[in-house]
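Load the model in your viewer and switch to a cartoon with side chains available on demand. The stops below are meant to be taken in order.

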Amino acid sequence: MSLLDTQVPAVVLRTDRNPFHHGTLGAVRSLGRAGVPVHVVADVTGSPVGRSRYVTRLHAPPPPQASAADLLAVLRRVAGEIGQPAVLVAMDDACAIAAARLRETLAPSYLLPEMPETLAERVADKAELAAVCASAGLPHPRTLVPDSAVRAADDARRLGLPVVAKWSRPWLLPPGRGLRSTQLVHTAQQARKLYERTEEAGSPLLLQEFLPPGPDRDWFFHGYADRTGALRAGGPGRKRLAWPRGAGLTAVGRWTPNPEVRELAERLVAALGYRGILDLDFRRCGTTGRYHLLDFNPRPGAQFRLFADSAGVDVVRALHLDLTGRALPDGEQLAGREFVVENYAPLAALRGAPGGRELAWYAADDRRPGWAMWSLWCRHVSGRLRQRLIPRPAAPATPVIPRAASPLPTDNEKASS
């Protein structure tokens, strides 16, 4: 007999078109292995996710940069095709925010946690998070939101270079423009130029005090806040390796007991009245030893499968159990368990793991996504190498014209100067 109610399907929703997002595959496998029919609403072109044996059906997603109305239309179409209520699992911030706002409209076709409709957006907004932490009494890096390019340069100097620059609502960033959600800024001029792209980014720029990385400083907490507000499933984890190094996603993570991190997560959930899945990122200050909350993601983190306990419950299964009225079993924490993203940390995937390990892509019971990932990843890396190694054609030399004889510049020459 399955732990989950296999009569209630799940819809895994993602509009972010990153083909190497392993968290989506984790959600598909977690629910599918329990016998739940899994419908995927995502662009899986060039992604290993579509190869999983646990996908019941693929559905066309909304277009890039879809509006809430676009997303609602797609979800209504999918609901009509499924023909019965389903648990909705949003895998990126944009979907989580839209689903929370549309909760009443989506009912009864979709089951979602009950909480204030704007709360997911509030915690995901990087500028709002500073206020959230202040109200809950959680440490947070000093954050400034400049209102002009000149102010951005001044604020960068005031915080002390280098500083972290973030776009307040990264889910609004237009694709293909070279704008990164988070980056380290080393000069006041860099901060000024970045601010000048605010309109293009679609949300305010914020500058944040930089807490240097170091051993044992990067932590995360995954959990599920049930209908009573109790934090279930999940736990604290230590980021052992990041990609890119020092400031990227978790390439190697270990389930590591940390009462202080758990207490901070519980305090935050209680203060906000948050319900549902959450993914928190912390960095410990090397000077004070305090854990500062850096990010609050109102959806599953990519490495959520690290926290599958002895009863087989992770945060995605906890969501399904709670929303279908089933009790969550009290499994034991499997401290020491590791999660490895093998394309980012191939050597770590080959080392011994006394506490147990789960790989992001390869699984003995679902091998095709792992095989597909290596093929796609090799093409991705070779393409990047070709871009770096093949020299760009040199620009034709411009003849030097004596200054006195130089004609007036054309409009194009003015624009390029």
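A residue counts as buried under 20% relative accessible area, as exposed over 50%, and as partly exposed in between. Keep in mind throughout that this is a predicted model.

**Backbone outliers**

Start by selecting Asp216, in the loop between β9 (205-209) and β10 (218-225). Is Asp216 buried, exposed or partly exposed? Its relative accessible area is 36%, so Asp216 is partly exposed. Its phi is positive, about 65°, although the residue is not a glycine. Most residues other than glycine have a negative phi, and most peptide bonds are trans.

Go next to Ala233, another non-glycine residue with a positive phi, here about 55°. Ala233 sits in strand β11, which covers residues 231-243. Its relative accessibility is 18%, so Ala233 counts as buried, the cut-off being under 20%.

Two cis peptide bonds come next. Select Ala107 and Pro108: the bond joining them is cis, with omega about 0°. Pro108 is in the loop that runs between α4 (103-106) and β5 (110-111). Then select Leu161 and Pro162, whose peptide bond is also cis, with omega near -5°. Pro162 belongs to the loop between α7 (149-159) and β7 (163-167).

**An open sheet**

Colour β6, β9, β7 and β8. These 4 strands form an open sheet in the order β6-β9-β7-β8, with antiparallel pairing. Which strands stand at the edges? They are β6 (143-144) and β8 (182-185); each has a single partner strand, so one side of each is left without a neighbour in the sheet. Zoom in on β6 and β9, which run antiparallel and are joined by 2 bridges. Here Leu144 stands opposite Leu207 in β9.

**Around His222**

Select His222 in strand β10. With a relative accessible area of 1%, His222 is buried. Show side chains and look for Asp279: the side chains of His222 and Asp279 make a polar contact at 3.0 Å. Now expand the selection to what His222 touches, leaving aside its neighbours within four places in sequence. The set includes Ala233, seen earlier, together with Gly234 and Gly235. Also among the contacts of His222 are Leu278, Gly301, Gln303, Phe304, Phe307 and Val315.

**Nonpolar cores**

Which residues have the most contacts inside the largest nonpolar core? Select Leu31, Val89 and Val316; the core they belong to has 51 residues. Helix α11 (residues 315-323) gives the most to this core, contributing 6 residues. Centre the view on Val89. Apart from neighbours within four places in sequence, Val89 is in contact with Val11, Val12, Leu13, Leu31, Pro300, Val316 and Leu319. A second core, separate from this one, has 30 residues, including Ile97, Val123, Ala225 and Leu231.

**Cysteines**

Finish with the cysteines. How many disulfides are found in the whole structure? The search returns 0. Select Cys133: it is in no disulfide, and the nearest cysteine sulfur, that of Cys285, is 15 Å away. A disulfide would need the two sulfur atoms within 2.5 Å. Cys133 has a relative accessible area of 0% and is therefore buried. Cys95, the last residue to select, is also buried, with a relative accessible area of 1%.

How values were computed: Residues numbered from 1 in each chain as written. Predicted model: local features only at pLDDT ≥ 70, side-chain atom pairs only at ≥ 80, totals over all residues. Heavy atoms only, no water. Buried < 20%, exposed > 50% of the residue type's maximum accessible area, 1.4 Å probe, protein only. Pairing = 2+ DSSP bridges. Polar contact = N/O pair within 3.5 Å; in protein donor to acceptor, adjacent residues only side chain to side chain. Contact = heavy atoms within 4.5 Å. Core = buried A, V, L, I, M, F, W, Y, C linked by side-chain atoms within 4.5 Å.
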